[in-house]
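Visitor: I am new to this structure and would like to know where its labels come from. Could you show it to me and explain them as we go?

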Amino acid sequence: MQTRMWKPAEPDNPNDPHVREAANLLNHQEVVAFPTETVYGLGADATDEVAVQRIFEAKGRPADNPLIVHVATKEQVDRLVSHIPDVAHLLMDTFWPGPLTLILESNGEAAKNVTAGLTTIGIRMPDHPLALSLLKATEKPLAAPSANRSGRPSPTQALHVKQDLDGRVAGILDGGTTGVGLESTVLDCTSNVPVILRPGGITKEQLETVLPHVAVDPALADENNKPKSPGMKYTHYAPEAPLYLIEGTDEFFLEQVERLKEEGHRIGVIASRELAEQLSHERIITCGSRLNMAEVAGQLYHALREFKKSEVDIIVTEVFDESGVGAAVMNRLQKAAVNVIQPS
């Protein structure tokens, strides 16, 4: 399959010729990658089981991992769910369009492989002009997980998508680098107290500005539970070389880097600006200031993709504060890591 690449001149116009071409492919059961404000998504008609199956095939994604559906209007939500509770209406009004996925009761209109056999469905409205243009041009909801091979770091640039999926998808819409850099927060609205199933671009603290109570699902740490949300099961976000997390002080981090080098390892370091300034090491990627976790979130996946197996044996990174969007950053790093080094 030849993968087409488009860079629309009018990304906010559903009638842009490139947007129309991509929409035409989607309306003929093909899959097309497109940017959102979080990461690039791999889209297919959410009501067409054959089209959705092509997402799983392109990504190599396990079939029991549900997909998030993207919509352009609230009316499209009505067509996919049996009921929208008041709390969901409030959250849509407050945070949509934006990086918040709501889990609601499905009415069965979406393809069965979208929900992976669950009675619920995850839906969000992306805050990106090109994503919204494409959704309006197709006039259909689009199932769209991240546009990467399953298990790899999610793509934040069209080039990342091409690296993973060239020849496996019909096309890629290039909308530049994404903003948030991490996937959406997934919030289950089917219980009395909304539950965060995956931390992401909307923080628990932000949700608590409009909701009296927000819980965090303990299954986030349980790999054996059937996933109610993407990102709750299987290895995710892994770079080419093994990733080690190093807990503790900056001094301990520096000691561990030197120890690993003395053992003969070729080390790649992903570090905050504050830590990087203390390192005398030739292979360092800085991912922003630890005082600005939104900056770290925006650069994390790009950093995880930078080191290749041919360059390093091990990638090490620090542990970040988990307040705010830091919870999402650490969620991704913990899923990507194969080892955690702690002070004895």
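Guide: Gladly! Let us begin with a term: a residue is buried when its relative accessible area is under 20%, exposed when over 50%, and partly exposed in between, using a 1.4 Å probe and protein chains only. This is a predicted model, where local features need pLDDT of at least 70, side-chain atom pairs count only at pLDDT 80 or more, and totals for chains, interfaces and linings use all residues. Residues are numbered from 1 along each chain as its sequence is written, and side-chain values use heavy atoms, leaving out hydrogens and water.

Visitor: Are Tyr237 and Tyr301 buried or exposed?

Guide: Both Tyr237 and Tyr301 are buried.

Visitor: Why is the pair of Tyr237 and Tyr301 called stacked?

Guide: Rings of Phe, Tyr and Trp (its six-membered ring) pair if their centres lie within 6.5 Å; planes under 30 degrees apart count as stacked, over 60 as edge-to-face and the rest as tilted. The ring centres of Tyr237 and Tyr301 are 5.6 Å apart and their planes meet at 25°, so the pair is stacked. A search of the whole structure finds 1 aromatic pair.

Visitor: What makes Glu37 and Arg124 a salt bridge?

Guide: The rule asks for a side-chain nitrogen of Lys or Arg within 4 Å of a carboxyl oxygen of Asp or Glu. For Glu37 and Arg124 the closest N and O atoms are 2.8 Å apart, so the pair fits the rule. Glu37 sits in the loop between β2 and β3 (40–45), while Arg124 belongs to strand β6 (residues 120–124), so the pair ties together parts 87 residues apart in sequence. Such helices (H or I, at least four residues) and strands (E, at least two) are DSSP runs, numbered from the N terminus.

Visitor: How do you know that Glu37 is buried?

Guide: Its relative accessible area is 8%, so Glu37 falls under the 20% limit. Arg124, at 2% relative accessibility, counts as buried too.

Visitor: Why is Lys140 called partly exposed?

Guide: Lys140 has 25% relative accessibility, which lies between the 20% and 50% limits, so partly exposed is the right label. Lys140 forms a salt bridge with Asp45, with the closest N and O atoms 3.4 Å apart. Asp45, with a relative accessible area of 6%, is buried.

Visitor: How many salt bridges are there by this rule?

Guide: The count comes to 18. Salt bridges also link Arg152, Asp164 and Arg305 in a network.
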